[in-house]
Protein chains: 2
Amino acid sequence: MRKLIVQKYGGSSITDIKKIKNVAKRVVSYKKKGYKLVVVVSALGDTTDELLGLAHKVTKSPSERELDMLVSTGEQVSVALLAMAIHKLGYEAISFTGAQVGIITDASHTRARILNINTKRIEEQLNRGKIVIVAGFQGVTTDRDITTLGRGGSDLTSVALSKALGAETCEMYTDVEGVYTADPKIAPGARKLSKISYEEMLELASLGAQVLQPRSVEMAKKFNIPIHVRSSFLNKKGTIISKEVKAMEEIIVSGVTVNKDEAKITIYDVPDKPGIAARIFKDIANKNINIDMIVQNISRTGATDISFTVFGRDLNRALTTVREASKKVKAEGVSYNKEIAKVSVIGLGMRSHSGIAARMFNALARNKINIEMISTSEIKISCVIKKRFADKAVRAIHKEFGLGKK
Amino acid sequence: MRKLIVQKYGGSSITDIKKIKNVAKRVVSYKKKGYKLVVVVSALGDTTDELLGLAHKVTKSPSERELDMLVSTGEQVSVALLAMAIHKLGYEAISFTGAQVGIITDASHTRARILNINTKRIEEQLNRGKIVIVAGFQGVTTDRDITTLGRGGSDLTSVALSKALGAETCEMYTDVEGVYTADPKIAPGARKLSKISYEEMLELASLGAQVLQPRSVEMAKKFNIPIHVRSSFLNKKGTIISKEVKAMEEIIVSGVTVNKDEAKITIYDVPDKPGIAARIFKDIANKNINIDMIVQNISRTGATDISFTVFGRDLNRALTTVREASKKVKAEGVSYNKEIAKVSVIGLGMRSHSGIAARMFNALARNKINIEMISTSEIKISCVIKKRFADKAVRAIHKEFGLGKK
C-alpha cells in the first residue's frame, strides 16, 4: 500500500459540473497509482459569495452562527457531487461534512480555530479502499454547532487533515500554476518558483499573493508538512513549499507582492507617554479589526504621530473606534487614506545579505514613486505608496532584483 | 407560559427573501401572543429540484447517500435565512439541522423513517425563550450519515416534532387556503372544508391532493395530533384535520380527487394458482416500486388477468421487473397504458351510506366516460378512466354529490 495524499481543490477548480468531472478523473488517476486519497473541496465557484449575498438581503448584520449554518452548505454540495462523479468512473468514494469527520473547532463563528480532528471515521473508510471526500472550510463545536474557518479555510482543513492522518504530501490545486515571483498580470516576466520556504510563503500569503491562506502555511510549517501548489487544469509540477533548504539561500529575493486592499489611518499628536499606543490598539483589537503595518516615529515635541494600515473593508469600523480612542488619549486628530498600496519584497536571503532595502527604495525613487510608510521584518520589506503607482512599483522592483524569466 | 405550536412553512411559502421576511413576521406575531414556537421549513422554492438536476448532470444513477448529502443543504439554507430574518425583527431564534436536533432515522437514504427524536436541545432553547427553527425533510442515522425523508418529508418532520414535544397543534402553511372538495382549478365551484378526519385526509393525500404528505397524516392520526392546513399569505383559518367528530357524519362525501401521474400495467393469462400473485408483487416490492390499485378478476379458464397501477416515474423500472416475473410464472404477456387517470371520491360517510358507488358510476356514464378499473376501500371509491376525460369526470362527480359552494 502506498502512502496517503491529501488533495485540495478550490472553488476555481470546480466552477461547474464539467470541472467536477475533471477533478474526479485526476483523483482517480492517483487512486490507480495506489495512493490512499483524502480530497478536500471548497464550494463551487462563487457559491459562498452568493450565499452571503442572500444573508445580506435579509439583514445587514446577520448572526455569525447563522452565517456559518448558511455558507457551510456550499462545501456540502461540492463533496456530494464529487463523490457522485467518482462513482461514475467506477471507483468507491464517500463524502463527509466537517462535522461528520469530527473536525472539532472552538465556537468563534466565521473564523473558528481547529482544536482537534477525530480521524477514526476517515481511516475506516480509507482502509476499505474508499476515496474520502471532506468538505473544506468547516468544522463543528463540541455543542454540535456548525462553524467555518474563515476565508481560505479549505486550505487549513487540508493541512490539518494532512497532519492528523500523517499524509505524505498535501497538494493544493488551484487556477494558477504555482507561486510566482510577482503577479504575472502586473509583471509579465514573472517566473514560477519551483520551491519556496514556509517563511517566505507566509510573508507572500499575508501580503496579498492569494494562493494560500496564511494560517494553513503556519500550520504546515509547525508540523513540517510539504505543500505542493499546482494547477488543476495542467499536468505540471507547481511550487513545493517546505522548510528552508540549502539551495534556497542562493536566492536573495523570492518575490514581490502588492496589496491594494488596505487603507492607512494616522492619529496626530498622540501624547508620547507609556501605555497610550497600547490603549488605542487594544480598543481596535476588541473590535476584531486586524492591524497590519504600524509606524511610529520618534517624538521631539512630547507628542507623536502614529500611522497604521487596516483592510479596506474594516476602515469604517476602525475609524469609529480610533476617533473615540484618540479623544480618550487626547490626540489632536485622525486622518485616513484609502488610495494606498503596499508593495513588498520577500526573501530568506535578506537575513544574510545587506542592501536589499536600499535597492528597493532606489528602484522606487528612479520611478519617482514616493514612499509614505516603511516597515521591515527579517525576511520582508514593505512600503506604502500611492495606489496609482502600485503596478509600476512592482515591475520596477521585480526588474531590480532580476526575478524575471531567464 | 402558553403552549407550544409547531409551524411548518413549505417551499412555496419561502420562494424568495421577501417571502422569508413575511414568514418571520408571522412567526413573531405568534411569539408576541406568548406561544413557544418550533418552526419547520423546507428548501426555498425549487431548490431541491435544482440540486437533483445538478446530481443528474453528474451521473444518471447517483448514490442515494450522496443525494441526501446534497439535497439536505436546501433546508439548511432556509433555516439560517429565517433565523436571520427573525433576528432582524428583534426576536431571538436559533436554527438547527435535522442532525443537530437528533432526528434519528434508519439508513434508507432518500426515504428514511424516523426512529426517534431527542428533544433535549430544542427544549433547552425554548426554555431560554428562543424561537427554534428546524430543517425539515432530513434526519441522521446513528452512524451520523445525513438522510432525507422523501418528498414532502418536512410535513413528517413537523408532525414528529409535534408529537415528541407535545405541541398543542401543528400548523402547516402552504400556498392554498386549506383542503378543498376538489381541485378548484378543475372544479371551479370547489369549497374549502373547515374540518376533515385523518382517514379522509389520508385518502385525499395519497390520491393526489398534494396538500400533505400521507406519512405525516398517518403519524398525526396515530398520535392524535390536530393539523391545521392554512395559507401562508392570508390571515384566515384553513382546514383542521383531526379525529372523526360527530358533525362529520352528516357529510357523506368530502372530496373528489384525481391523479394523472399513474400508469396501468396488465399481465395476461396468469396461471390461477396460489402464490403466483405474491411472487410477482414481491419482485416489484424488492425494487422499491409502489403499487397502487390492484385488480384481479375471477378466473374461468385456469388463467386470469392482473392489472395494477404504478407511478408514471416508476413505469419503466416496473415493466422490466414485471416482464421478467411474468416469464417466470408463465403468463402470456404484459401491456401498459400511460394515458390513464384515477378519479376518486372520499368520505367517512360512505361507511354508513349505500349507493355512493352507483351514483359515481352513473355520473361517469352520463358523461360517456368508460371505467377501466374499479377499486374500493371503506371510505373511498376509485375509478381508472382515460386521461383525457379526467377533468370532466371530476366536475361531473363533484356536481353529483353537491360539493360546491352553497
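# Exercises on a predicted two-chain model

Among contacts in chain A between residues at least 6 apart in sequence, 74% link residues at least 24 apart. The model is predicted. Each exercise below is followed by its solution.

## Exercise 1. The overall form of chain A

Judge whether chain A is compact or extended for its 406 residues.

*Solution.*
- Start with the expectation. A compact globule of 406 residues would have a radius of gyration near 22 Å.
- Compare chain A. Its value is 23 Å, which agrees, so chain A fits the compact case.
- Add the dimensions. Along the principal axes, the C-alpha trace of chain A spans about 75 × 50 × 35 Å.
- Add burial. Of the 406 residues, 49% count as buried.
- Add the inventory. Chain A holds 11 helices and 20 strands.

## Exercise 2. The two sides of H9(A)

Find which residues of helix H9 of chain A are buried, which on the opposite face are exposed, and what the buried ones pack against.

*Solution.*
- Check the length. H9(A) runs over residues 315–328, 14 residues in total. From first to last C-alpha it reaches 20 Å, close to the 20 Å expected at 1.5 Å a residue.
- List the buried residues: A:Leu315, A:Ala318, A:Thr321, A:Val322, A:Ala325 and A:Ser326.
- Place them around the axis. They cover an arc of only 135 degrees, so they sit on the same side of H9(A).
- Recall the geometry. An α-helix has 3.6 residues a turn, so residues three or four places apart point the same way.
- Turn to the face away from the buried side. A:Asn316, A:Thr320, A:Glu324, A:Lys327 and A:Lys328 are exposed there.
- Identify the packing partners in chain A. They are strand E14 (262–271), helix H8 (276–286), strand E16 (303–311) and strand E17 (333–337).
- Look past the helix. H9(A) is followed by A:Lys330, with a positive phi near 60 degrees.

## Exercise 3. Positive phi outside glycine

Locate A:Arg144 and B:Lys330, and classify the exposure of A:Arg144 and of B:Lys330.

*Solution.*
- Take A:Arg144. Its phi is positive, about 75 degrees, although the residue is not a glycine.
- Place A:Arg144. It lies in the loop between strands E7 (138–140) and E8 (146–148) of chain A.
- Classify A:Arg144. It has 14 C-beta neighbours inside 10 Å, so it counts as partly exposed.
- Take B:Lys330. Its phi is also positive, near 60 degrees.
- Place B:Lys330. Its loop joins helix H9 (315–328) to strand E17 (333–337) in chain B.
- Classify B:Lys330. It has 11 C-beta neighbours inside 10 Å, so it counts as exposed.

## Exercise 4. Where the chains meet

Work out which elements of chain B face chain A, and what covers the buried side of H2 in chain B and in chain A.

*Solution.*
- Count the contact. 26 residues of chain B touch 26 residues of chain A.
- Name the elements. On the chain B side, helices H1 (17–32), H2 (47–58) and H3 (64–88) each give two or more residues. H3(B) gives the most, with 14 residues.
- Check H2(B). Its 12 residues should span 16 Å, and its end C-alpha atoms are 17 Å apart, which agrees.
- Find its buried residues. They are B:Thr48, B:Leu51, B:Leu54, B:Ala55 and B:Val58. They fall within an arc of 120 degrees, so they line one face of the helix.
- Ask what covers that face. The cover includes H1 (17–32) and H3 (64–88) of chain A, together with H3 of chain B.
- Move to H2(A). A:Thr48, A:Leu51, A:Ala55 and A:Val58 are buried. Their arc is only 75 degrees, so they share the same side of H2(A).
- Look at its other side. A:Asp49 and A:Gly53 are exposed there.
- Name the partners. The buried residues of H2(A) pack against H3 of chain A, with H1 and H3 of chain B.

## Exercise 5. The nonpolar core and a hairpin

Name the residues with the most contacts in the largest nonpolar core, then describe the pairing of E19(B) with E20(B).

*Solution.*
- Size the core. The largest one has 247 residues.
- Name the residues with the most contacts inside it: A:Leu81, A:Leu82, A:Ile133, B:Leu82 and B:Ile133.
- Follow B:Leu82. Leaving out residues up to four places away in sequence, it touches B:Ile20, B:Val23, B:Ala24, B:Val39, B:Val41 and B:Ile133.
- Turn to the strands. E19 (373–377) and E20 (380–386) of chain B pair in the antiparallel sense over five bridges.
- Pick one bridge. B:Met373 has B:Val384 as its partner in E20(B).
- Close the motif. E19(B) and E20(B) form a hairpin with two residues between them.

Note on methods:
Residues are numbered from 1 along each chain as its sequence is written. Chains are lettered from A and ligands numbered from 1 in the order in which they are written. This is a predicted model: local features need pLDDT of at least 70, side-chain atom pairs count only at pLDDT 80 or more; totals for chains, interfaces and linings use all residues. Helices (H or I, at least four residues) and strands (E, at least two) are DSSP runs, numbered from the N terminus. The expected span of a helix is 1.5 Å times one less than its number of residues. A residue is buried if 20 or more other C-beta atoms lie within 10 Å of its own, exposed if 12 or fewer, and partly exposed in between; C-beta atoms are placed from the backbone. The arc is that of the directions from the helix axis to the C-beta atoms. Two residues are in contact if their C-beta atoms, placed from the backbone, lie within 7 Å. A nonpolar core is a set of buried Ala, Val, Leu, Ile, Met, Phe, Trp, Tyr and Cys residues joined through C-beta atoms within 7 Å. Two strands pair if DSSP finds at least two bridges between them. The radius of gyration is taken over C-alpha atoms; the globule rule is 2.2 Å times the number of residues to the power 0.38.
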